[in-house]
Amino acid sequence: MILITGGTGFVGKNLIKELLKEDRSVRCLVRNPQRAAELGKAGCELVRGDVTDASSVLEAVTPPVDTVIHLVGILVESSKAKFRDVHVEGTRNVVSACRSRGVKRYVHVSALGTRKDAASVYHRTKWEAEEIVRSSGLAYTIFRPSVIFGAEDRFTNVLGRAIRLSPLIMVPGGGRNRMQPVFVKDVVAALASSVAMPEAHGRVFELGGPDVFTFDAIVDAVAATLGKKRRKLHVPMPLARLGAAFLEATLASPPITRDALLMLEEDNVTEKNALPTDFGITPTTLADGMRTYLH
């Protein structure tokens, strides 16, 4: 049986569908089983718990669980969820439970750009989580995807809503930072395949789409999918940071933060895309993927 953390999230729901299609037995750690009823109806066993609660994680990692896929992560801090608590301590709890229960396989989803000296707290805490995994003694595999897109993502869909509502799209900074958007179905296919791949043990896989885009080009691509043309207004980063600071001070879960802006000031691409080389997956183009859900 495979235990999934973060199963109610964007990637998690897609991964569970993929695993159930393969007739895998799946258990999902969820904070509120009632809100995850759809997963239960699909055939997923639901267990109440939270990665920040070590005892609930230990309870979830009980036989017949022999594999854990740890997906939980946050993109924006809120009053109730901090990067360190979720990324670092949450991972520590999951890894500890896996070691206690003798779990045979552990798959960890991190993020492209993760490194010790990263500018953003998001990437630094993701690195700390990876270090916990690397020193765990478990048969682990780490995935670092670029920005993931697909139905219900918080990236292309957010841009799509803005494009539908306004003739002018505000872009933080110069819009020249590069990304390599990767389709969610390609990501979950690689995750599912890795479980039964001994050659994946102890490795870190970077995942990206087939093409590299500037942020400006992604805005244009979303607009083209929707059959629209939009002008872009580039907001200087100092001004964008002031706006983000205001949103952080006034909203419990701001749509943009200063930490997110730090990530937008650097490229998020890979020259070591594992999808075609290690998993035999031809990455889906941004245009083809968006046509399946953006209308």
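How many cavities of 30 Å³ or more does a search of the whole structure find?

1. The search finds one. Bear in mind that this is a predicted model. The volume of the largest cavity is about 30 Å³.

2. Eight names make up the wall. The largest cavity is lined by His70, Val72, His87 and Thr91, together with His108, Val109, Lys126 and Ala129. Three elements each give two or more residues to this lining: helix α4 (83-101), strand β5 (105-109) and helix α5 (121-134). By class, the lining has four polar, three nonpolar and one charged residues. The charged one is Lys126, because Lys counts as charged and His as polar, being among the others.

3. Now the aromatic contacts. The structure has six aromatic pairs. In one of them, Phe143 pairs with Phe279. Their ring centres are 5.8 Å apart, and the planes make an angle of 35°. The pair is classed as tilted, because 35° is neither under 30 degrees nor over 60.

4. That pair ties together distant parts of the chain. Phe143 belongs to strand β6 (residues 140-145). Phe279 is in the loop between α11 (274-278) and α12 (286-290). The two residues are 136 residues apart. Buried or exposed, where do Phe143 and Phe279 fall? Both are buried.

5. The contact is also part of a cluster. Ring pairs join Phe205 with Phe143 and Phe279.

6. One charge-over-ring contact deserves a look. Arg134 places its charged end over the ring of Trp127. The distance to the ring centre is 4.6 Å.

Note on methods:
Residues are numbered from 1 along each chain as its sequence is written. This is a predicted model: local features need pLDDT of at least 70, side-chain atom pairs count only at pLDDT 80 or more; totals for chains, interfaces and linings use all residues. Side-chain values use heavy atoms; hydrogens and water are left out. On a 1 Å grid over the protein atoms alone, a cavity is a set of points where a 1.4 Å probe fits but cannot get out, and a pocket is an open set with protein on both sides within 12 Å along at least five of seven lines; lining residues have an atom within 4 Å of a point. Grid points are joined across faces, edges and corners, and a volume is the space filled by probe spheres set on the points. Helices (H or I, at least four residues) and strands (E, at least two) are DSSP runs, numbered from the N terminus. Rings of Phe, Tyr and Trp (its six-membered ring) pair if their centres lie within 6.5 Å; planes under 30 degrees apart count as stacked, over 60 as edge-to-face and the rest as tilted. Buried means under 20% relative accessible area, exposed over 50%, partly exposed in between (1.4 Å probe, protein chains only). A charge sits over a ring if NZ of Lys or CZ of Arg is within 6 Å of the ring centre and within 35 degrees of the ring normal.
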